[in-house]
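Got a few minutes to walk through a fold together? Have the sequence and the structure open, and try each question before reading on.

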Amino acid sequence: PIFVLPYAANTVLAYVAARVVHHLGVEVRRAHDLGSYRLDVLLGRGGMGEVWRASHRMLARPAAIKLIRRDTLARDPALAATAVDRFEREAQVIASLQSPHTVELYDFGVTDDGSLFYVMELLDGVNLETLVRKFGPLPPERVVYLLRQACSSLAEAHHRGLVHRDIKPANIYLCHRGMEYDVVKVLDFGIVKKAAIEDEPAVRVLTGANDITGTPDYMAPEIAMGAARVDGRADLYALGCVAFWLLTGRPVFEEATPMAAIIAHVQRQPIPPSTTTEFEVPAALDQIVLDCLAKDPEARPANADALSTRLAAISFARPW
């Protein structure tokens, strides 16, 4: 009998492995069939969502699909409710925006098994976080060229009363479209908030008024302080932080912890980017970045269009 045991064990293991492989095959076939789209490659996974490279079955058009699976939602119903709300809100916001510098939404829906998804354009390029980490700071003329495109996206969002609240290099994508290079696309409107105005209650927002959300290295002081009224100038503060990162390869305040970074944005004064980069930064660009980083929103550019106009007025010997 002792000689039979290894064969019996192998038989059992082979059966179990076959069942697992069969189950995985069913799941893969199910996962790779999403309405008119075929999921080709998993691009990333985080939190409760996945992002897939996909292709339309009839049009052969590539796309990116953001997906929250039903089994993921079932693990934590309380967290799921918040995730679903953010997911649906992000899809609705992106669908309402038409700037060529905001990522485009193609479709949104629920699969037969209860998974949520939306389909957006597949971007060919890299985000600004990765770009600078890989290649170092950018020349000022290129930074101005990129910032003005981001301003175009934000100007439309702010005109519609929406505040992004998570502008950062990782959410600004630099891509190649057709024959054009250095095309900016603003991503991730998941924590967008409707700006409160004087004649409407501050509670009429898309996220809780007391929520502190965003990324510490790019967080406007009023968001960090939990201000009831936050408008588009909070995004311009964050864009100033992005400009500093692009010009210097470092955050405005280099702190050991997220909380220390938040406190620094509330209390400390920033230095001009020209003092910590190898590039020759024009005085006008230095001042624009510092104006964006003003603690008081009233001291910042009035809106994204005004910021873009100031950036366009900077003279370069060789514009990008």
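What follows is a run of questions and answers on this predicted model.

Q: How many helices and strands does the protein chain have?
A: Let's start with the overall picture: of the 320 residues in the chain, 47% count as buried. Among contacts with a separation of 6 or more, 63% are between residues 24 or more positions apart. As for the secondary structure, the count is ten helices and ten strands.

Q: Which residues touch the most other members of the largest nonpolar core?
A: In soluble globular proteins, nonpolar side chains tend to be buried together. Here the largest such core has 72 residues. The ones touching the most other members are Leu239 and Leu311.

Q: Which helix gives that core its largest share of residues?
A: The largest share is twelve residues. They come from the helix spanning residues 233-248, and that helix is α7.

Q: What does Leu239 contact, leaving aside its neighbours within four places in sequence?
A: Leu239 is one of the two residues with the most partners in the largest core. Skip the sequence neighbours within four places and look for heavy atoms within 4.5 Å. That leaves Leu147, Ala150, Cys151, Leu154, Ile167, Ile172 and Leu307.

Q: How many residues are in the second, separate core?
A: Besides the core of 72 residues, there is another one, separate from it. Its members include Leu39, Trp52, Leu67 and Val119. The size of this second core is nine residues.

Q: Around the axis of α10, how wide an arc do the buried residues cover?
A: Helix α10 runs over residues 304-312, and its buried residues are Ala304, Leu307, Ser308 and Leu311. They sit on the same side of α10, because the arc they cover is only 100°.

Q: What is exposed on the other side of α10, and what covers its buried residues?
A: Turn α10 around and you find Asp305 and Thr309 exposed. The cover over the buried residues includes α5 (140-159), α7 and α9 (283-292).

Q: At the start of α10, which residue's side-chain oxygen reaches the backbone nitrogen of Asp305?
A: Look at the start of the helix for a side-chain oxygen within 3.2 Å of that backbone nitrogen. The oxygen belongs to Asn303.

Q: Which residues of α8 are on the face turned away from its buried side?
A: In α8 (residues 258-267), the buried residues are Ala261, Ile262, Ala264 and His265. Because their arc around the axis is only 160°, they lie on the same side of α8. The cover over them includes α6 (221-224) and α7. Turned away from that side are the exposed residues Met259 and Gln267.

Q: What is the phi of Arg165, and is Arg165 buried or exposed?
A: Most residues other than glycine have a negative phi. Arg165, in the loop between β7 (162-163) and β8 (172-177), has a positive value, near 70°. With a relative accessible area of 6%, under the 20% cut-off, Arg165 is buried.

Q: What is the relative accessibility of Asp182?
A: Asp182 sits in strand β9 (residues 180-186). Its phi is positive, about 60°, although Asp182 is not a glycine. Asp182 counts as buried, at a relative accessibility of 9%.

Q: How far apart are the C-alpha atoms of Asp188 and Ala91?
A: Asp188 is in the loop between β9 and β10 (193-194) and is partly exposed, at 24% relative accessible area. Not counting residues up to four places away, Asp188 touches Glu90, His164, Asp166 and Asn171. Ala91 is 97 residues away along the chain, yet the C-alpha separation is 9.6 Å.

Q: Which backbone nitrogen lies 3.1 Å from a polar side-chain atom of His56?
A: His56 is in strand β2 (residues 49-56) and counts as buried at 14% relative accessibility. Leaving aside neighbours within four places, His56 contacts Ser36, Tyr37 and Arg61. The backbone nitrogen at 3.1 Å is that of Met58.

Q: Over which ring does the charged end of Arg61 sit?
A: A search of the whole structure for aromatic pairs finds zero. Arg61, one of the contacts of His56, has its charged end 3.8 Å from a ring centre. That ring belongs to Tyr106.

Definitions and conventions: Residues numbered from 1 in each chain as written. Predicted model: local features only at pLDDT ≥ 70, side-chain atom pairs only at ≥ 80, totals over all residues. Heavy atoms only, no water. Core = buried A, V, L, I, M, F, W, Y, C linked by side-chain atoms within 4.5 Å. Buried < 20%, exposed > 50% of the residue type's maximum accessible area, 1.4 Å probe, protein only. Helix = DSSP H or I, 4+ residues; strand = E, 2+ residues; numbered from the N terminus. Arc of directions from axis to C-beta. Polar contact = N/O pair within 3.5 Å; in protein donor to acceptor, adjacent residues only side chain to side chain. Phe/Tyr/Trp six-rings, centres within 6.5 Å; stacked < 30°, edge-to-face > 60°. Lys NZ or Arg CZ within 6 Å of the ring centre and 35° of its normal.
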